Amino acid sequence: MRNSLKLEEVLMFVFGVLAFNQLDFAWWWFLVLILLPDVSMLGYLINSKIGAFTYNVFHHKGVAIGVYLLGVYFQNEMLQLIGIILFTHASMDRVFGYGMKFTDGFKHTHLGKL
């Protein structure tokens with residue numbers, strides 16, 4: 001099951017790359033921005049509850065899809081880019097075992113303990 005879920009996440013990552021390719025941005029933007037959602041870990045400097053909340057908002061695929069769809073609706077490529085980066089980053093993290101966080105600590109995720 002674990003390999004099946006990782007394969008699913010890899011395919012979602014590829015989907016995100018293909019979606020990025022449809023936008024009118026240079027490829028280096030993808031490389032620069034793909035790790036930006038990890039800035040959400042700064043919430044852990046306050047406490048684990050705030051850290052889990054900020055991390056989960058920036059790594060929630062529903063939020064990513066919502067931002068992307070807002071970009072489509074308003075014909076705003078910047079919003080589309082943000083949505084694609086959030087979605088693709090979340091998939092990349094899950095391939096490596098980083099899931100949504102519980103409030104008791106960074107290493108307790110919906111995919112298990114890190």
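## A walk through a predicted helical model

At 5% relative accessibility, S40 counts as buried, because buried means under 20% relative accessible area. Keep in mind as you read that this is a predicted model.

**S40 and its surroundings**

Where does S40 sit? The residue belongs to the loop between α2 and α3. Setting aside neighbours within four places in sequence, S40 is in contact with G51, T54, Y55, F58 and H59. Another residue to look for is V57: S40 and V57 are 17 residues apart in sequence, and their C-alpha atoms are 8.3 Å apart in space.

**A nonpolar patch on the surface**

Now turn to the outside of the model. L36, V39, L42, L45, F53, V57, F58 and V63 make a nonpolar surface patch of about 750 Å². Which helix gives the most to this patch? That is helix α3, residues 48-58, with 3 residues. L42, also one of the patch residues, is placed in the loop between α2 (27-33) and α3.

F53 is a good residue to click on here. F53 lies in helix α3 and has a relative accessible area of 58%. F53 therefore counts as exposed, since the cut-off for exposed is over 50%. From the C-alpha atom of F53 to that of E8 is 25 Å, with their positions 45 residues apart along the chain.

**One salt bridge**

How many salt bridges does the structure hold? There is 1. The partners are E9 and K61, whose closest N and O atoms are 2.4 Å apart. This pair links distant parts of the chain: E9 is in helix α1 (residues 2-21) and K61 is in helix α4, 52 residues apart. Are the partners buried or exposed? E9 has 10% relative accessibility, so E9 counts as buried. K61, at 13%, counts as buried too.

**Helix α5 from end to end**

Helix α5 covers residues 77-95, a run of 19 residues. Here is a small calculation you can follow. A helix is expected to span 1.5 Å times one less than its number of residues, so α5 should span 27 Å. The C-alpha atoms at its ends are 27 Å apart, which agrees.

Most of α5 is covered, with 15 of its 19 residues buried. At the N-terminal end, N76 acts as a cap: one of its side-chain oxygens lies 2.9 Å from the backbone nitrogen of M78. Just after α5 comes G97, which takes a positive phi of about 90 degrees.

Two residues within the helix deserve a visit. Q80 lies in α5 and is buried, with a relative accessible area of 11%. Apart from neighbours within four places in sequence, Q80 is in contact with L23, Y68, G71, V72 and Q75. R94 is found in α5 as well, and its relative accessible area of 13% makes R94 buried. R94 and V14 are 80 residues apart in sequence, yet their C-alpha atoms are 13 Å apart in space.

**The loop before α5**

Q75, one of the contacts of Q80, lies in the loop between α4 (61-73) and α5. Is Q75 buried or exposed? With 73% relative accessibility, Q75 counts as exposed. Its backbone is worth a look as well: phi of Q75 is near 50 degrees, a positive value in a residue other than glycine. Most residues other than glycine have a negative phi.

**Back to α1**

G16 is found in helix α1. Its relative accessibility is 3%, so G16 counts as buried. Leaving out neighbours within four places in sequence, G16 is in contact with I84 and T88. The C-alpha atoms of G16 and M92 are separated by 10.0 Å, and these residues are 76 residues apart along the chain.

**Pairs to find in the viewer**

The table collects the C-alpha pairs named above.

| Pair | Apart in sequence | C-alpha to C-alpha distance |
|---|---|---|
| S40 and V57 | 17 residues | 8.3 Å |
| G16 and M92 | 76 residues | 10.0 Å |
| R94 and V14 | 80 residues | 13 Å |
| F53 and E8 | 45 residues | 25 Å |

Conventions
Residues are numbered from 1 along each chain as its sequence is written. This is a predicted model: local features need pLDDT of at least 70, side-chain atom pairs count only at pLDDT 80 or more; totals for chains, interfaces and linings use all residues. Side-chain values use heavy atoms; hydrogens and water are left out. Patches are made of residues with over 30% relative accessible area and no salt bridge: like charges are joined within 9 Å, nonpolar side chains (Val, Leu, Ile, Met, Phe, Trp, Tyr) within 5 Å. Accessible areas come from the Shrake-Rupley method with a 1.4 Å probe; for residues, only the protein chains shown count as cover. A salt bridge is a side-chain nitrogen of Lys or Arg within 4 Å of a carboxyl oxygen of Asp or Glu. Helices (H or I, at least four residues) and strands (E, at least two) are DSSP runs, numbered from the N terminus. Buried means under 20% relative accessible area, exposed over 50%, partly exposed in between (1.4 Å probe, protein chains only). A polar contact is a pair of N or O atoms within 3.5 Å; within protein, one must be able to donate a hydrogen and the other to accept it, and residues adjacent in sequence count only if both atoms are side-chain atoms. Contact means heavy atoms within 4.5 Å.
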